[in-house]
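Biologist: I have a new chain to learn. Please walk me through it, one question at a time.

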Amino acid sequence: MQEAELHDLSDDADYAASQLQGSASFFRSGSSKRSSSSESDGAEIVYSKDNVTIHPTQYASERISGRLRLIKQGSSLFMTWIPYKGQRSNPRLSEKDKSLYTIRAVPFTDVRSIRRHTPTLGWQYIIVVLSSGLAFPPLYFYNGGVREFLATIKQHAFLVRSADDANVFLVNDFQDPLQRTLSSLELPMAVSVANGPSTSVSDSEPPSNENQEKADGGNFDGRSATSQYNGRHRPKIHDPARDLSIQVLEKFSLVTKFARDTTSQLFRESHGDGFGSNDRRHHNQSPLDYPHKESSDEQKVPDEIPVPSDPLEKTRCRKQYHGEEAVTNVGTFELIDCKEFDKLALVWGKPRQPPLGSEEWATFLDSEGRIMDSKALRKRIFYGGIEHSLRKEVWTFLLGYHAYDSTSAEREYLVSIKKSEYETVKQQWQSISPEQAKKFTKFRERKGLIEKDVVRTDRSLSFYDGDDNSNVYLLRDILLTYSFYNFDLGYCQGMSDLLSPILFVMEDEAESFWCFVALMERLGPNFNRDQNGMHTQLFAISKLVELLDSPLHNYFKQNDCLNYFFCFRWVLIQFKREFEYEKTMKLWEVLWTHYLSEHLHLYVCVAILKRYRNKIMGEQMDFDTLLKFINELSGQIDLDATLRDAEALCICAGENGAASIPPGTPPSLPIDSGLLYPQQDDVL
């Protein structure tokens with residue numbers, strides 16, 4: 001298949017900047033340049049390509065360009081990608097941030113497959129999937145060169161095209177009796193994922209352009225300090241249930257089990273008997289015949305198996321004197337004897353307070369209705385939440401629909417303007433005649449998916465209960481209107497879960513719509529078709545667990561759980577399925593304060609995992625058992641204790657925790673006006 005022609009991208013600032021870095025060059029085996037670039041230790045550059053770029057987020061200003069190389073040492077082939085040092089980009093991206101994505105000396109013996117993507121518009125890119133099932137972030141080739149990259153690999157390693165998918169190239173696939181490749185995960189209602197974080201991220205600064213030749217050709221001993229990011233394959237068909245890949249909510253256990261099984265099977269085929277104990281149990285089983293976990297009872301580990309202690313437990317138990325305080329940048333916290341509490345609870349963090357009431361709310365407003373101290377208000381809500389009768393008014397501020405410094409008169413005027421705007425957008429889809437709808441496939445698909453979802457969203461609540469419930473119709477209308485307001489993103493399964501509490505609180509169609517729009521400004525990347533927003537959050541969770549509980553992280557590593565896909569539902573819809581309705585609203589308003597961190601929800605994930613760490617490790621849960629256990633926690637998690645733990649973890653992590661979260665990770669607000677929701681289609 002020939003590579004697609006490059007389209008004119010001269011209006012793209014990031015592309016224009018990349019042209020200044022120089023054009024690509026690659027070295028073939030017979031080239032004199034290749035021999036001149038050989039290093040004294042025998043490492044030889046056989047391919048080099050400039051302006052190969054990683055997109056950590058959906059924002060153009062945060063793209064990281066670098067140099068991709070293939071390096072031969074002896075009979076081994078290695079791949080490196082080093083970001084340019086000093087390139088002009090968004091100031092929020094430090095050199096340390098860029099180094100998180102550095103790929104250093106990855107041997108091709110560890111690579112399972114390479115997937116090539118050739119969109120009709122824009123740049124080609126590849127996803128490199130490792131034998132373990134982990135994947136690097138997509139590498140975008142701004143100046144072409146994918147074909148040369150693959151051709152060079154074929155010269156030095158065994159590379160064959162998959163019989164199932166012409167865009168998947170299998171590396172060192174000598175057996176492949178059933179052609180089980182990652183493309184086999186491209187199923188309806190499924191997400192094909194091979195993702196996971198690295199356990200060893202280089203903290204060194206990336207080399208400068210002029211020094212990269214030397215740095216890249218250094219010591220290649222087969223060890224890689226990589227930022228193994230999360231990758232996924234795009235569906236081939238335009239059905240929204242498959243295009244948007246959010247059917248994982250309904251088929252979550254099946255999909256993740258199948259994904260893990262397939263990658264484990266591929267690993268076994270490539271590595272013979274070198275797989276772990278968990279994989280041995282299923283060595284003779286096909287992925288499609290994977291049993292349910294009845295066998296886990298037979299394999300149950302005795303309760304007396306020692307569990308590594310919580311490193312934070314050791315730290316906090318050293319200080320057992322009442323009255324001792326810890327001063328942090330967010331306040332002073334009393335350190336309390338940990339014996340007075342559940343041993344799984346962290347020892348600092350203020351206790352939860354009663355919710356904010358009407359009388360106290362009035363003290364935050366001046367005579368014209370402005371909020372005088374937004375930080376104090378957010379802090380108060382963070383520790384206590386809001387009385388339900390007050391939520392309709394306060395949520396508009398937390399979500400960003402109303403500005404904290406707006407007056408009552410300004411807000412009243414804005415509401416009237418926005419109501420008119422909403423009706424205008426709504427009229428766009430209401431005016432589509434049946435004849436037009438027959439010729440408007442995307443509209444029919446989205447409308448059908450929305451109508452299917454709203455009738456099963458929170459129907460146990462009296463607010464949405466019963467046949468011909470008007471509130472269910474409002475859910476449908478708001479979501480359809482949003483799909484026209486944000487046509488690039490459209491509708492994805494899970495959005496109805498996010499809208500439902502907003503409509504329940506606001507009880508007004510137009511205001512619910514604009515509050516939902518404000519929320520989706522932050523959470524919209526969760527529903528991108530490439531799932532980049534989800535990948536960055538799962539990656540961040542892995543780094544936070546590694547920072548705050550290295551024994552637990554190592555346990556996940558040993559048991560093939562490093563993709564943290566068991567946290568997918570938590571992150572996607574903000575714990576909506578994990579708590580009762582009232583507690584979900586309380587949690588959301590705490591998260592929306594952004595008082596300690598924009599990313600407190602990630603610390604909530606870590607807090608839940610740490611609360612159950614002894615059970616997880618003590619019972620030697622493998623991926624499937626852990627997934628089942630996490631799903632069954634729904635309705636059983638203590639919210640107040642979890643929030644207190646999350647607060648303490650956030651304070652404990654400090655700047656190191658913030659540095660573990662890539663810039664632009666949802667729910668951070670957009671940094672520029674770049675393309676927010678890239679929804680390219682592949683030409684397969």
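Biologist: How much accessible surface does the chain have, and what share belongs to carbon and sulfur atoms?

Modeller: This is a predicted model, so local features need pLDDT of at least 70, side-chain atom pairs count only at pLDDT 80 or more, and totals for chains, interfaces and linings use all residues. Residues are numbered from 1 along each chain as its sequence is written, and side-chain values use heavy atoms, without hydrogens or water. Accessible areas come from the Shrake-Rupley method with a 1.4 Å probe; for residues, only the protein chains shown count as cover. The chain's surface comes to about 27700 Å², and the carbon and sulfur share is 50%.

Biologist: What percentage of the residues is buried?

Modeller: Buried means under 20% relative accessible area; exposed is over 50%, and partly exposed lies in between (1.4 Å probe, protein chains only). The chain has 684 residues, and the buried part is 59%.

Biologist: How many helices and strands are there?

Modeller: Helices (H or I, at least four residues) and strands (E, at least two) are DSSP runs, numbered from the N terminus. The count for this chain is 27 helices and 13 strands.

Biologist: What share of the contacts with a separation of 6 or more joins residues 24 or more positions apart?

Modeller: A contact means heavy atoms within 4.5 Å. Take the contacts in the chain with a separation of 6 or more; the share from residues 24 or more positions apart is 72%.

Biologist: How far does helix 20 reach from its first C-alpha to its last?

Modeller: Helix 20 covers residues 532-548, which is 17 residues. The expected span of a helix is 1.5 Å times one less than its number of residues. For helix 20 the reach is close to that expected value, at 24 Å.

Biologist: How many residues of helix 20 are buried?

Modeller: Glycine 533 is one residue of helix 20. At 3% relative accessibility, glycine 533 counts as buried. Helix 20 is mostly covered, and its buried residues number 15 of 17.

Biologist: Which residues does glycine 533 touch, leaving out those up to four places away in sequence?

Modeller: Start with a partner in space: the C-alpha atoms of glycine 533 and threonine 665 are 6.6 Å apart, though 132 residues separate them along the chain. Beyond four places in sequence, glycine 533 touches Pro525, Asn526 and Pro666.

Biologist: What kind of peptide bond joins proline 666 and proline 667?

Modeller: Proline 667 sits in the segment after helix 27 (639-659). Omega of the bond between proline 666 and proline 667 is about 15°, and the bond is cis.

Biologist: Are helix 20 and helix 27 roughly parallel or roughly perpendicular?

Modeller: Axes are lines fitted to C-alpha atoms, for helices over the stretch in contact, and angles run from 0 to 180 degrees between N-to-C directions. Under 35 degrees counts as roughly parallel, over 145 as roughly antiparallel, 65 to 115 as roughly perpendicular, and the rest as oblique. Helix 20 and helix 27 pack at about 105°, with axes 10 Å apart. Therefore the two helices, 20 and 27, are roughly perpendicular.

Biologist: How many charged residues are in the contact of helix 20 with helix 27?

Modeller: Leu544, Leu547 and Leu548 of helix 20 meet Leu649, Cys652, Ala653, Asn656 and Gly657 of helix 27. Ala, Val, Leu, Ile, Met, Phe, Trp, Tyr, Cys and Pro count as nonpolar, Asp, Glu, Lys and Arg as charged, and the others, Gly among them, as polar. The contact of helix 20 with helix 27 has 6 nonpolar and 2 polar residues; of charged ones it has none.

Biologist: At what angle do helix 14 and helix 17 pack?

Modeller: Helix 14 covers residues 408-430, and helix 17 covers residues 470-485. Their axes lie 9 Å apart, and the angle is about 90°.

Biologist: What is the relative accessible area of asparagine 51?

Modeller: Asparagine 51 is found in strand 1 (residues 43-54). Its phi is positive, about 60°, although asparagine 51 is not a glycine. Asparagine 51 is buried, with a relative accessible area of 0%.

Biologist: What is the phi of aspartate 458?

Modeller: Aspartate 458 lies in the loop between helix 16 (441-454) and helix 17. At 17% relative accessibility, aspartate 458 counts as buried. Aspartate 458 is not a glycine, yet its phi is positive, about 55°.
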